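Q: How should the features of a protein model be read, one at a time? A short dialogue may help.

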Amino acid sequence: MRAIKIFFIMSLLTSTFSACNFIDIDTPGLINDKQMFADEQGAKDALTGIYATLTKADLYGSNLSFGFIDEIAQLYYNDHESSTTTLLAKTYDLQYKDKEVRRIIDQIWATAYYDIYAINSLLEHIKDKDTPKMCNYRAQALAIRAMLHFDLLRLFAPNINNPNALAIPYITKASNQICEKKTVQECYQDIMHDLEEAKKEFSKKEYPTVKNVYITLNAVKAIQARVALWGNNNKKAATLAEEVINSHYKLVKENDVLQLFRGYDAETECIWVLNAPKMYINVRQLFYPEHSTPTCNMVRENYKRLFKTETFSTINNDYRYQTYFTATNWGKPVTAFIKLYDKDYDESQQWKSNRTPGVNMIRLPEMYYILAEAIYDKDKQKSLKAINTVVTARGLQPISMDEISTKKLFQKWIADEITREYWGEGQIFFTYKRLWRSMDGLNGKHIEASNETYVLPLPESEKGLEK
């Protein structure tokens, strides 16, 4: 069976974690448990480092949020000097085996497994410590481990409809042993198990995590709803989504969407945000440079068709359209993506008070979409109501049943709606893959749904590993 070379990950672990300034390593790949886990503060510091790694550009600080993952979802173009040899051009063209593109893919894999190794070390060192804080830290670590494996599964393996296909290793020990890959179904089960265990840990001892910069019980439920929908467990997905919907989160209303993002937590809609102030640098470079460069993303013209701008009126106006895009000039007229760009910060270098700069990992609208999709076959009216809760909050008139009357129409509508809502948040490629939809590439290219399109190649470091 194919296996992951933990030695490769461990060799890079030292420099990665040392850069986070939260861990001391005496031997490469081995955490100094006496210093790190002597008390609750040490465990908290380790967990802080785990969160910090999530914010790296290799993961959710760019590649798995607004960067690489949205570029391969065909949201942008770059015709700087009409070059077809730039990294972005090759990324848009899904040239996954190209040397430069492979470097990005390999770094996603490696950095995710760095963090998983650190999580496993933390879990092993605090497994017998049942203070309220330790139970809370354990719950957060289990949830992050599940989420990282889930995103790796969605990137590097087929969908759940091919359950027996070999997928990725599901690593639960901080070890230098070679780990065999598991099947898609086995990984799905392990992910759900970790999330169930996280919920149990949260319920063991009362130590509330109230800040949305940390994984909370509701965040675990939201992640699990996402995983359950992917796994075709519609009943569980609907139950979990409704539990989160019925919690304290609220959709903002209509023109309030204009101030909802700008690279900050989405206020009352945010279930979990990563605190990542340095993300702004990547946002500025990718989406709002002073002039066109070979490394900036320009919004494709088909975004107007997606938002159905011809239907806009005084009573039907999608405020997301105004919030996400602006016409500008980088030596020529272009459309820039500004959802994550805070012009005021750019001028004053002061973050907004009471807002967290960073990546919105999970927001409330997704729970309505999950609910709508999970119950569609059994209760179309309730599904429509869930959809229209979000649509009307965005300034649009409610859609009619005619627009989603068949499963095919519904799936097209939900894919388009998720694209409208989650542009810049890393969920669009995964949605297209789950629904097995084709994509319209650049220059008239039609990209069929296939494993070549939707399954990223394993890193070069994996070649030749057999067990």
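The turns below take up helix geometry, salt bridges, a lone buried charge, a helix start and the cysteines of this predicted model.

Q: How many residues does helix H17 have, and what span should they give?
A: A helix is checked by comparing its expected span with the separation of its ends, at 1.5 Å a residue. H17 covers residues 407–422, which is 16 residues, so 22 Å is expected; the end C-alpha atoms are 22 Å apart, in agreement. After the helix comes Gly 424, with a positive phi near 90°.

Q: Which residues of H17 are buried, and what covers them?
A: Burial is judged by relative accessible area, with under 20% as the cut-off. In H17 the buried residues are Phe 410, Trp 413, Ile 414, Ala 415, Asp 416, Glu 417, Ile 418, Thr 419, Arg 420, Glu 421 and Tyr 422. Their cover includes H12, helix H13 (319–324), strand E10 (358–363) and the helices H15 (364–375), H16 (380–393) and H18 (428–435).

Q: What partner does Glu 417 have in a salt bridge?
A: A salt bridge is read from the distance between a side-chain nitrogen of Lys or Arg and a carboxyl oxygen of Asp or Glu, with 4 Å as the limit. Glu 417 pairs with Arg 320, and the closest N and O atoms are 2.8 Å apart. This pair links distant parts of the chain, since Glu 417 is in helix H17 and Arg 320 in helix H13, 97 residues apart. Glu 417 counts as buried because its relative accessibility is 1%; for Arg 320, also buried, the value is 0%. Both residues belong to a network of salt bridges that links Glu 269, Asp 318, Arg 320, Lys 339, Arg 363, Arg 394, Glu 417, Arg 420, Glu 421 and Glu 425.

Q: How many salt bridges are there in total?
A: The count comes to 36. One of them joins the side chains of Arg 355 and Asp 265, at 3.6 Å from N to O. Here too distant parts of the chain are linked: Arg 355 is in the loop between helix H14 (343–348) and E10, Asp 265 in the loop between helix H10 (234–245) and strand E6 (270–275), and the two positions lie 90 residues apart in numbering. Arg 355 is buried at 13%, and Asp 265 is buried at 7%.

Q: Are the residues of the Lys 352 and Asp 344 salt bridge buried or partly exposed?
A: Lys 352 and Asp 344 have their closest N and O atoms 3.8 Å apart. Lys 352 is partly exposed, with a relative accessible area of 28%, and Asp 344 is partly exposed at 45%.

Q: Where does Arg 300 lie, and what is in contact with it?
A: A buried charge is read together with its surroundings. Arg 300 lies in the loop between strand E7 (298–299) and helix H12 (303–307). Arg 300 is buried but has no salt bridge; Asp 440, the nearest side chain of opposite charge, is 6.4 Å away. Beyond four places in sequence, its contacts are Gln 74, Leu 75, Tyr 76, Tyr 77, Asp 440, Gly 441 and Leu 442.

Q: What does the side chain of Glu 40 make a polar contact with?
A: Glu 40 is in helix H3 (residues 40–54), and its side chain makes a polar contact of 2.7 Å with the side chain of Thr 131. Glu 40 is partly exposed, at 27%.

Q: How many disulfides does a search find?
A: A disulfide is a covalent bond between the sulfur atoms of two cysteines. The search of the whole structure finds zero. For Cys 179, the nearest cysteine sulfur is that of Cys 187, 12 Å away.

Technical notes: Residues numbered from 1 in each chain as written. Predicted model: local features only at pLDDT ≥ 70, side-chain atom pairs only at ≥ 80, totals over all residues. Heavy atoms only, no water. Helix = DSSP H or I, 4+ residues; strand = E, 2+ residues; numbered from the N terminus. Buried < 20%, exposed > 50% of the residue type's maximum accessible area, 1.4 Å probe, protein only. Lys, Arg positive; Asp, Glu negative; His and termini not counted. Contact = heavy atoms within 4.5 Å. Polar contact = N/O pair within 3.5 Å; in protein donor to acceptor, adjacent residues only side chain to side chain. Disulfide = S-S within 2.5 Å. Expected span 1.5 Å × (residues − 1).
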